[in-house]
Amino acid sequence: MVGEKKWVPYVLLIPWLVGFIVFKVYPFISAFVMSLYEKRGRISTFVGLKNFKLIMDTSTYLGEEFVNSLKVTFIYVFVTVPLILIVSLLVAYLLSLKMKGVGFFRTAFYMPTVLGANVAVIILWRYIFEYNGLINSGLKLLGISPISFLGTAGGAMMSVVLLRVWQFGSTMLIFLNALVNVPETLYEAATIDGAGKFKQFMKVTIPMITPIILFNGVMRLVEAFQVFNGPMLITNGGPEGSTNVLNKLIYDIAFKGGDLNVGSAMSWVLFVIIMVFTVLIFRSSKYWVHYQD
């Protein structure tokens, strides 16, 4: 009887498989095909790698915009990802300690992740950092001159970075699960050897959770490279392109500008960049990730 039902799991997988092919594989391949064509009116002409050369040519306006968006995206990723990992690990470590009300704090820190980067939250976030927003209203009450957070390159980037770092809940929960599973015997042995809390954290805790650090790092890296909502709705890429991340530029070129071919080429460049960084991280993991077995 059991053998007769071996087909059941495969049948149950069909809806997922259909969705994966239709919404992932097909657009993925179609985007690459489209990047090799140029459309004039209703006629599409095969142009090979012309679109890729076009976006790399810094002597053109499009090339300048693309290179600038790459630079902005790298800044966002290399600031956001370490911040999320550090903040979520430290909060998870504190929540792993035995103290009263820890359940409340776990829920409270996870709430921003539930709220996510939806439109309402992002508009609220924008109000907080606007010139006449919440923070500057507080500064005025203290007699301090308002700060143009969204009017400067640094302030605008800080706003979108903080929006993402604020949603560290899921990363924190994964770290928390790893921390509570570190064997107590290791801490007891370290205590007998005279190691303090900080030394235990650096010499016992960190090495034991390096597989989780690898997982969280890769997930947050891929996610950060695909950022769109924050820069789109808080700063609209400004001021002067200082938060115009690559996904925002792709949206402008492909959907507002109507050039799906060039937009597809940019998307594939972004995919290659993500793949390169992911492979580099995995290749480097053999030097710093420790598996218990």
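**Exercise 1: the loop between H12 and H13.** Decide whether Glu240 is buried or exposed.

*Solution.* Start with the scale: buried means under 20% relative accessible area, exposed means over 50%, and partly exposed sits in between (1.4 Å probe, protein chains only). Glu240 has a relative accessible area of 83%, so it counts as exposed. A word on what you're looking at: this is a predicted model in which local features need pLDDT of at least 70 and side-chain atom pairs count only at pLDDT 80 or more, while totals for chains, interfaces and linings use all residues. Residues are numbered from 1 along each chain as its sequence is written, and side-chain values use heavy atoms, with hydrogens and water left out.

Next, find the place: Glu240 is in the loop between H12 and H13. Helices (H or I, at least four residues) and strands (E, at least two) are DSSP runs, numbered from the N terminus. Helix H12 covers 229–235, and helix H13 covers 246–256.

Now pick out the backbone features of this loop. Most residues other than glycine have a negative phi, and most peptide bonds are trans. Glu240, though not a glycine, has a positive phi of about 55°. Asn236 is in the loop between H12 and H13 too, and its phi is also positive, at about 55°. With 45% relative accessibility, Asn236 is partly exposed. Finally, look at Pro239, found in that loop: the peptide bond from Gly238 to Pro239 is cis, with omega near -5°.

**Exercise 2: helix H7.** Check what the end-to-end distance of H7 should be, and find out which elements cover its buried residues.

*Solution.* First, the length. The expected span of a helix is 1.5 Å times one less than its number of residues. H7 runs over residues 153–165, which is 13 residues, so the expected span is 18 Å; the end C-alpha atoms are 18 Å apart, and the two agree.

Second, the buried residues. Those in H7 are Gly155, Ala156, Met157, Ser159, Val160, Val161, Leu163, Arg164 and Val165. Their cover includes H3, helix H5 (119–129), helix H11 (210–225) and H12.

Third, zoom in on one residue. Ser159 in helix H7 is buried, with a relative accessible area of 0%. Leaving out residues up to four places away in sequence, Ser159 touches Trp125, Phe129, Phe149 and Leu150; contact here means heavy atoms within 4.5 Å.

Fourth, come at H7 from H3. Thr80 is in helix H3 and is buried at 1% relative accessibility. Beyond residues up to four places away in sequence, Thr80 touches Val161, Arg164 and Val165.

**Exercise 3: two pockets.** Describe the lining of the largest and the second largest pocket by class.

*Solution.* Begin with the term. On a 1 Å grid over the protein atoms alone, a pocket is an open set of points where a 1.4 Å probe fits, with protein on both sides within 12 Å along at least five of seven lines; lining residues have an atom within 4 Å of a point. Grid points are joined across faces, edges and corners, and a volume is the space filled by probe spheres set on the points.

The largest pocket has a volume of about 880 Å³. Of its 26 lining residues, Pro27, Phe28, Ala31, Gln226 and Ser267 lie nearest the centre. Helices H1 (8–35), H13 and H14 (260–288) each give two or more residues to that lining. By class, the lining has 19 nonpolar, 6 polar and 1 charged. (Ala, Val, Leu, Ile, Met, Phe, Trp, Tyr, Cys and Pro count as nonpolar, Asp, Glu, Lys and Arg as charged, and the others, Gly among them, as polar.)

The second largest pocket comes to about 360 Å³. Residues lining it include Tyr93, Leu97, Val180, Glu184 and Lys197. Helices H3 (61–96), H8 (169–180), H9 (184–192) and H10 (197–208) each supply two or more, and H10 gives the most, with 3 residues. The classes are 6 nonpolar, 3 polar and 3 charged.

To finish, take two lining residues. Leu97 lies in the loop between H3 and helix H4 (102–115) and is partly exposed, at 40% relative accessible area. Leu97 and Val180 are 83 residues apart in sequence, yet their C-alpha atoms are 9.0 Å apart in space.

**Exercise 4: the whole chain.** State how many helices and strands the chain has, and what share of its residues is buried.

*Solution.* The count is 14 helices and 2 strands. Of the 293 residues, 38% are buried. Last, the C-alpha atoms fill a box of roughly 75 × 75 × 40 Å along the principal axes.
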